[in-house]
Amino acid sequence: MKKRIINFMTIATILVTSLTACGSATASDFTISKDLVDTQELGYSVGNSLTEAYKTVGENNPISSVTFFADPTSVEYNGRLYVYGTNDSEQYDKGTGSDENTYGSIGSLVCYSTDDMVNWTYECTIEVTDIATWAGCSWAPSIVSREKSNGKTEFFLYFANGAGGIGVLTSDSPTGPWKDPLGKALIDNSTGALAKDPVYWCFDPGVVIDDDGVGWLAFGGGSAVHDDEDGMFTGNCRLVKLGSDMISLASDIVKIPAVYHFEANELNYINGTYVLTYCSNYTDRYAWSSYDSDEDAPTTCSMVYMTSTDPLNPDSWVYGGLYLSNPSRYGFPFSNNHSHLQKFGDTYYILYQTVMLLDNMNSSASGYRSIGVDVIDVDEDTVTISPATMTREGVEQLKDLNAFSVNQAETAVTTAGIKYHTSDGKTYITSISDGDWSAVSSVDFGNGANAFAATVRGKGIIEVRLDSVDGTVVGNVQFNTGSDFQTIVCTLDKMVSGTHDLYFVFGGSFVFDEWQFAYISDETVSGLSANASTGKVKLSWNSSTDSEYTIYYKRSSSSEWKIAGTTTKSSVSITGLMSGVSYQFVIKNSTSSTDIVTATPS
């Protein structure tokens with residue numbers, strides 16, 4: 001019996017090695033939906049002109065071409081980076097489109113995610129003031145996560161209630177649902193030592209969890225409050241240790257001597273060292289010569305950092321220097337400044353804000369910010385941050401996007417004309433007009449795709465174009481689904497292989513949820529015959545195209561099918577079989593299978 005088992009294992013190994021072919025398209029069934037509806041010829045078109053994009057193709061910043069959001073923070077989870085920011089679009093949409101951002105109408109946060117740093121997926125808008133009903137505003141988030149004893153991850157999202165306090169939301173997912181565990185602010189100017197020594201602005205939380213699992217919170221901002229404070233030492237940077245539940249305080253609130261401190265606090269923990277980053281103020285720098293530092297004085301409204309290994313000891317904090325100047329130093333309009341340091345993979349990135357998108361729009365509005373990302377050099381051994389930059393080009397894409405996966409329509413490098421919306425558990429592209437479009441960077445079609453499917457609701461057309469918005473049209477889906485979502489499928493005009501930038505160009509009035517490409521063989525495999533001889537069986541079947549076939553076999557007395565291998569040929573010999581034993585065989589490709597045949601080697 002042992003010898004027979006070895007023989008079967010040897011057969012499977014040899015056949016898988018010898019029969020697997022290379023160079024042909026890989027068969028891939030659609031997984032986007034069980035119910036696929038064929039495209040219709042309805043005479044729809046995308047219109048005579050294409051909508052202008054406010055983010056140039058080939059430039060990866062800002063992250064979003066459709067959402068104003070600012071004050072970045074981020075967390076990594078399951079191989080994706082989730083970025084959160086103050087929802088400036090909420091204020092913009094309530095204004096005239098030409099006004100100044102006053103922030104007073106912002107009660108929500110926005111979340112985007114990525115796994116390649118170039119294509120970003122709109123995840124959700126977090127309606128903070130609907131969740132934390134005691135809060136009037138929602139600004140400047142900071143997020144951390146930790147694994148619980150049951151193996152699940154919990155997330156803590158801190159936010160500023162305007163300049164009047166700091167709240168926290170919790171969730172078991174980076175995208176919610178979120179809950180307000182306290183029903184009130186975690187910190188305001190009546191908390192602990194703040195009751196006698198308040199900060200000018202009780203806002204801009206920065207949170208980190210160290211290697212011991214202990215949470216820390218930095219906050220505060222604004223001008224000096226007391227006579228013994230000045231522009232160089234405002235006294236408005238505070239730090240506190242968090243309780244083990246991350247929603248309580250476990251120490252006194254201490255004052256950190258952060259030079260020229262103004263706002264935009266964030267915390268990192270690198271190689272046993274706590275790193276406080278913040279935005280410097282507008283005070284003149286004449287007093288800098290009295291400060292004991294080898295670094296130059298930070299420029300106005302720039303991002304600087306301090307380090308400590310004993311965070312509750314104010315005297316332990318050491319000024320590290322400037323690592324990011326004001327956007328105006330990099331060719332963008334002057335604006336306030338806020339950044340977040342994030343290690344993703346082996347690379348450190350700096351997330352920051354500019355009014356780049358607003359500038360691209362040539363808008364007369366002001367102060368509506370967008371988040372960008374660039375690489376930054378961090379020496380983990382010395383915990384030193386080198387000065388970085390802000391660019392329109394942004395960062396390199398870490399990996400290609402898989403065309404054969406089910407992909408969200410809200411994933412894009414840039415868009416034109418559309419918006420995003422969440423309803424009934426779905427998040428999708430909406431506000432579509434003729435000529436609107438969406439682009440995805442570096443999509444991998446592998447050895448070939450010949451079919452496309454899109455989940456939509458409404459009436460319209462999606463054209464699939466390659467490499468530019470006015471590039472080659474390789475297919476389209478047309479549909480009129482009424483009020484229901486349907487997944488519409490079409491055969492492409494040609495096989496698409498390799499890596500391409502992918503463009504979806506829209507016409508009509510509909511919403512677009514998700515998409516997928518596939519390789520579908522239209523060959524029906526049939527006519528299997530088996531010719532037995534000594535110790536082997538030769539199988540032959542009908543074949544008209546180079547489909548990939550999988551050979552299955554089993555003893556007639558067994559119920560367990562085994563895979564002998566795969567091939568693109570129309571015949572194969574199965575060797576090493578036992579004489580006098582009855583075997584059954586069947587051949588399958590991606591769309592069909594043969595009848596079962598039986599043969600007994602002599």
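Tyr553 in strand 35 is a good place to start: its bridge partner in strand 38 is Phe585. Strands here are DSSP runs of E at least two residues long, helices are runs of H or I of at least four residues, and both are numbered from the N terminus. The model is predicted, so local features need pLDDT of at least 70 and side-chain atom pairs count only at pLDDT 80 or more, while totals for chains, interfaces and linings use all residues. Residues are numbered from 1 along each chain as its sequence is written, and side-chain values use heavy atoms, with hydrogens and water left out.

## Strand 35 and its partners

Two strands count as paired if DSSP finds at least two bridges between them. Strand 35 (residues 549–555) pairs with strand 38 (residues 583–588) in the antiparallel sense, over 6 bridges. Strand 35 also pairs with strand 36 (residues 562–567), again antiparallel, over 5 bridges. To follow that second pairing on the model, look for Thr550, whose bridge partner in strand 36 is Thr566, and then for Ile551, which has Gly565 as its bridge partner. A hairpin of 6 residues joins strand 35 to strand 36.

Is strand 35 mostly covered or mostly exposed? It is mostly covered, as 5 of its 7 residues are buried. Buried means under 20% relative accessible area, exposed means over 50%, and partly exposed lies in between (1.4 Å probe, protein chains only).

## A sheet of three strands

Now move to another part of the chain. Here 3 strands form an open sheet in the order 17-18-19, with antiparallel pairing. The edge strands are strand 17 (339–344) and strand 19 (370–375), each of which pairs on one side only. From one strand to the next, the twist averages 30°; such angles run from 0 to 180 degrees between the N-to-C directions of axes, which are lines fitted to C-alpha atoms. Strand 17 and strand 18 (residues 347–354) are held in register by 6 bridges, and one of the partners is easy to find: Gln342 is matched with Tyr349 in strand 18. As general background, side chains in a regular strand alternate between the two faces of the sheet.

## The nonpolar core

A nonpolar core is a set of buried Ala, Val, Leu, Ile, Met, Phe, Trp, Tyr and Cys residues joined through side-chain atoms within 4.5 Å. The largest one has 48 residues, and those with the most contacts inside it are Phe452, Ile462, Leu502, Phe504, Phe512 and Phe517. Which residues does Ile462 contact, leaving aside its neighbours within four places in sequence? Among them are Ala454, Val456, Val477, Phe479, Phe504 and Phe512. Contact here means heavy atoms within 4.5 Å. In soluble globular proteins, nonpolar side chains tend to be buried together.

## Details in the loops

Some loops hold backbone details worth a look. The table lists two cis peptide bonds.

| Cis peptide bond | Omega |
|---|---|
| Asn61 and Pro62 | about 0° |
| Gly176 and Pro177 | about 10° |

Pro62 is in the loop between strand 1 (36–38) and strand 2 (70–77), whereas Pro177 is in the loop between strand 8 and strand 9.

That loop between strand 8 and strand 9 also holds Asp204, which has a positive phi of about 50° although it is not a glycine. Asp204 is buried, because its relative accessible area is 4%. Thr191 belongs to the loop between strand 8 (166–171) and strand 9 (206–209) too. Thr191 counts as buried because its relative accessible area is 17%. Not counting residues up to four places away in sequence, Thr191 touches Leu186, Leu249 and Ile253.

Tyr103 lies in the loop between helix 2 (88–94) and strand 4 (109–114). Tyr103 is not a glycine, yet has a positive phi of about 70°. At 24% relative accessibility, Tyr103 is partly exposed.

## An enclosed space

How many cavities of 30 Å³ or more does a search of the whole structure find? It finds 1. A cavity is a set of points, on a 1 Å grid over the protein atoms alone, where a 1.4 Å probe fits but cannot get out, and lining residues have an atom within 4 Å of a point. The largest cavity has a volume of about 60 Å³, the volume being the space filled by probe spheres set on the points, with grid points joined across faces, edges and corners. Its lining includes Ile63, Val66, Tyr112, Trp120 and Tyr420.

Methods:
On a 1 Å grid over the protein atoms alone, a cavity is a set of points where a 1.4 Å probe fits but cannot get out, and a pocket is an open set with protein on both sides within 12 Å along at least five of seven lines; lining residues have an atom within 4 Å of a point.
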